[in-house]
Amino acid sequence: MSSNRSITDVAAKAKVSTATVSRVLTGRRTKDDAIARRVRKAAEELNYSANHAASALRSDVTNTLGIVIPEVTDPFCGQLLQELEAAASSIGKQLFLGIGRDDQEQEMRMEALLSRRVDGLIFIPRSNTQLPTFAEHLTDATPIVQVSGPSSSPHMDWVGVDQTASMQLAIDHLAAHNAGSIAFFGAPTDTPAAAELFVTFQTLMSLQNLYTEPTWTTFGADTSSRGYLDTLRLFAGEGNKPDAVICSSDAVAIGVILAMHRLGIRVPEEVKIIGSGDAAQATSTTPTLSSLRPPYGLLASEALRLIETRDANKHWLPAHISFPPVLKQRGSTSTPRMGTSDMASPVIDEIDEA
């Protein structure tokens with residue numbers, strides 16, 4: 001007896017993607033696990049056969065995705081890549097990686113991946129890329145999602161970290177731990193995102209009646225040597241000194257900690273420090289480094305969702321979705337909270353993203 005059930009019905013009943021149903025029923029997914037058993041059971045109950053699954057496959061679907069990044073050693077790229085690999089595998093897709101260290105290389109890698117007929121592309125632009133216009137002519141045939149960087153393309157979906165929420169979280173945390181004056185060591189201001197983050201810092205400091213001085217804000221490379229030298233200049237000289245520093249990256253924050261050790265300034269008792277990125281080195285410093293962790297899992301799953309739903313939900317405007325980071329509180333800010341009755345340090349809060 002024939003069945004008029006579709007592959008979508010099986011996917012809905014088994015709570016998996018249609019790609020996973022196809023791979024299981026056509027034998028291309030050899031792993032015999034709970035997912036495979038759930039798919040086969042759903043297909044049996046709906047009287048849906050492997051032949052149906054094979055015929056339902058679109059000829060242009062390859063179950064592959066491309067991802068283009070600027071540097072494999074970059075902590076953000078590395079951790080996002082891990083999450084994307086796991087998320088893609090869960091929906092039956094394989095990742096192809098391309099590395100482009102400048103705009104020209106990134107475009108070449110993207111075109112090479114498109115020539116392999118990937119089902120979608122994810123790319124992370126270089127930190128100092130002004131506009132991702134080089135990729136716009138590629139978006140017509142294949143869904144492309146940009147993760148992080150400036151969001152200014154009228155044709156490309158974008159997913160990233162909410163920078164306003166990041167700064168708000170850092171300032172609120174420092175204020176709650178008795179910081180009244182804060183310095184900001186920012187990234188180079190040659191990108192709109194970096195300039196916007198600086199304006200956000202100034203605005204939030206004013207709104208919360210916290211103190212800062214123009215000379216306490218510096219801009220430069222996201223390196224430990226830059227953080228080290230900026231700290232020596234600020235804290236070894238004359239004049240007022242902040243009691244907290246917000247850094248654009250964990251690398252900069254590590255340089256700040258090293259300089260504090262050299263100057264004999266105690267962290268966090270005299271100066272509290274927050275980094276950004278939650279790199280692996282954040283847990284090996286002395287003291288360990290509080291850091292704003294990007295929600296890598298959410299970024300990866302949302303990027304894949306946008307690719308999967310692009311054809312079925314076309315809009316005249318691209319998606320623009322941002323998620324707040326998660327504060328990983330560690331030793332560099334673990335002083336007693338404002339208003340506590342004792343002087344015991346609070347328990348370090350290691351809340352993971354949902």
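## Helix pair, sheet and odd backbone spots

In this predicted model, helices α9 and α10 are oblique to each other.

Me: What angle makes α9 and α10 oblique to each other?
Reply: Two packed helices are described by the angle between their axes and the distance between the axes. For α9 (residues 224-235) and α10 (residues 250-263), the axes are 6 Å apart. An angle under 35 degrees would count as roughly parallel, and 65 to 115 as roughly perpendicular, so a value outside those ranges and not over 145 is oblique. Here the helices pack at an angle of about 45°.

Me: And is the crossing of α9 and α10 left-handed or right-handed?
Reply: The residues that touch include Tyr228 and Leu232 from α9, and Val256 and Ala259 from α10. The contact holds 10 nonpolar, four polar and two charged residues. As for its hand, the crossing of α9 and α10 is right-handed.

Me: Okay, on to the sheet: which strands are at its edges?
Reply: Strands of a sheet pair through backbone hydrogen bonds, either parallel or antiparallel. This open sheet has six strands with mixed pairing, in the order β7-β6-β8-β9-β10-β12. An edge strand pairs on one side only, and that fits β7 (217-219) and β12 (326-328).

Me: Which residue in β8 stands opposite Ala183?
Reply: Strand β6 covers residues 182-186, and β8 covers residues 244-247. The two run parallel and are joined by four bridges. Opposite Ala183 you'll find Val245.

Me: Where is the cis peptide bond that has omega about -5°?
Reply: Most peptide bonds are trans, but a couple of spots here are worth a look. The bond from Val267 to Pro268 is cis with omega near 10°, and Pro268 sits in the loop between α10 and β9. Pro287 is in the loop between β9 and β10. The bond with omega about -5° joins Thr286 and Pro287.

Me: What is the relative accessible area of Lys15, and is Lys15 buried or exposed?
Reply: Most residues other than glycine have a negative phi. Lys15 has a positive one, near 60°, and sits in the loop between α1 and α2. Exposed means over 50%, so Lys15 is exposed, with a relative accessible area of 71%.

Me: How about Arg117, with phi also near 60°: what is its relative accessible area?
Reply: Arg117 lies in the loop between α6 (103-115) and β3 (121-123). Partly exposed falls between 20% and 50%. Arg117 is partly exposed because its relative accessible area is 43%.

Note on methods. Residues are numbered from 1 along each chain as its sequence is written. This is a predicted model: local features need pLDDT of at least 70, side-chain atom pairs count only at pLDDT 80 or more; totals for chains, interfaces and linings use all residues. Side-chain values use heavy atoms; hydrogens and water are left out. Axes are lines fitted to C-alpha atoms, for helices over the stretch in contact, and angles run from 0 to 180 degrees between N-to-C directions. A crossing is left-handed if the near helix is turned anticlockwise from the far one by less than a right angle, and right-handed if clockwise. Contact means heavy atoms within 4.5 Å. Ala, Val, Leu, Ile, Met, Phe, Trp, Tyr, Cys and Pro count as nonpolar, Asp, Glu, Lys and Arg as charged, and the others, Gly among them, as polar. Two strands pair if DSSP finds at least two bridges between them. Buried means under 20% relative accessible area, exposed over 50%, partly exposed in between (1.4 Å probe, protein chains only).
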